[in-house]
Amino acid sequence: MPADPSPGLAEETPARSTGTPQRSAMDRPPRASATSAVEVRRSTRRSRTVSAYREGDRTIVLIPARMSEAEEQRWVNVMLDKLAAQESKRILGDSELTERAERLSAQYFEGRARPASVRWVTNQNTRWGSCTPAEGSIRLSHRLQGMPEYVVDYVLVHELAHLLVPGHGPRFWRLLEAYPRTERARGYLEGVVAADRLPHLPAARGE
């Protein structure tokens, strides 16, 4: 691992895997707002951990040499999301959140969804967002703060769509198809929910 690759270092410890050592590189957008080259570096000296950091306009992901190609792709996605979340720590104020919702409405709904207010709330622990169409109000759970931008945007788009279609029928989901990262954002949130349900075991000695 390069000395002090900060800012933006993320590290995880995946399960052991087997495969053919190789070096690969790919190009993909790590965040919704930027496009950057992603380079995957395999190391025979790295047996347990996966790390990622920004290096100029590139994102470097360090993985064990024996990791399979499928595991590599999965962990690249995990680490890109982790870095994006770290870089999104600045919490938007309610006025900034409202401006963001208005931009998303203009981009995906031709400005037809017009929220009267958009704000963070701390009393939504079983849902990510809520909407009262009659009042034009949208509320986002504070648990979204610090998550990747595309995830927050998805929840905003979801609630904006409710200003146009109250229920979750076919017309509602057709509206959501306009947002290109819907499936990825839903997968991220489902992963967060699943992780919250797992028992929090103590780390093994030496980790």
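**Group meeting: a three-stranded sheet and its core**

Let's start with one residue: L160 touches A101, L104, S105, F109, A113, P115 and I138, leaving aside residues up to four places away in sequence. Touching here is contact, meaning heavy atoms within 4.5 Å.

Before I go on, a word on where this comes from. This is a predicted model, where local features need pLDDT of at least 70 and side-chain atom pairs count only at pLDDT 80 or more, while totals for chains, interfaces and linings use all residues. Residues are numbered from 1 along each chain as its sequence is written, and side-chain values use heavy atoms, with hydrogens and water left out.

Okay, back to L160. L160 is among the residues with the most contacts inside the largest nonpolar core, along with F109, L140, L144, L156 and L189, and that core has 35 residues. By nonpolar core I mean buried Ala, Val, Leu, Ile, Met, Phe, Trp, Tyr and Cys residues joined through side-chain atoms within 4.5 Å. Buried is under 20% relative accessible area, exposed is over 50%, and partly exposed is in between, with a 1.4 Å probe and protein chains only.

Who supplies this core? The elements giving two or more residues are α2 (94–109), β6 (117–121), β8 (137–141), α3 (149–164), α4 (170–176) and α5 (182–197). Those names are DSSP runs numbered from the N terminus: helices are H or I with at least four residues, strands are E with at least two. The largest share, 11 residues, comes from α3. There's also a second, separate core of 12 residues, including V61, M67, W75 and L80.

Now the sheet. Three strands form an open, mixed sheet in the order β6-β8-β7. β6 and β7 are at the edges with a single partner strand each, so one side of each has no neighbour in the sheet. The twist averages 20° from one strand to the next.

How do the strands pair? Pairing takes at least two DSSP bridges between two strands. β6 and β8 run parallel, joined by five bridges, and β7 (residues 129–132) runs antiparallel to β8 with four. Look at R139 in β8: R119 stands opposite R139, and so does S130. In the hairpin of β7 and β8, G136 takes a positive phi near 70°.

Is β8 buried or exposed? Five of its five residues are buried: S137, R139 and S141 on one side, I138 and L140 on the other.

Last thing: α2 lies across β6 and β8, at about 130° to β6. That angle is between N-to-C directions, from 0 to 180 degrees, using axes fitted to C-alpha atoms, for helices over the stretch in contact.
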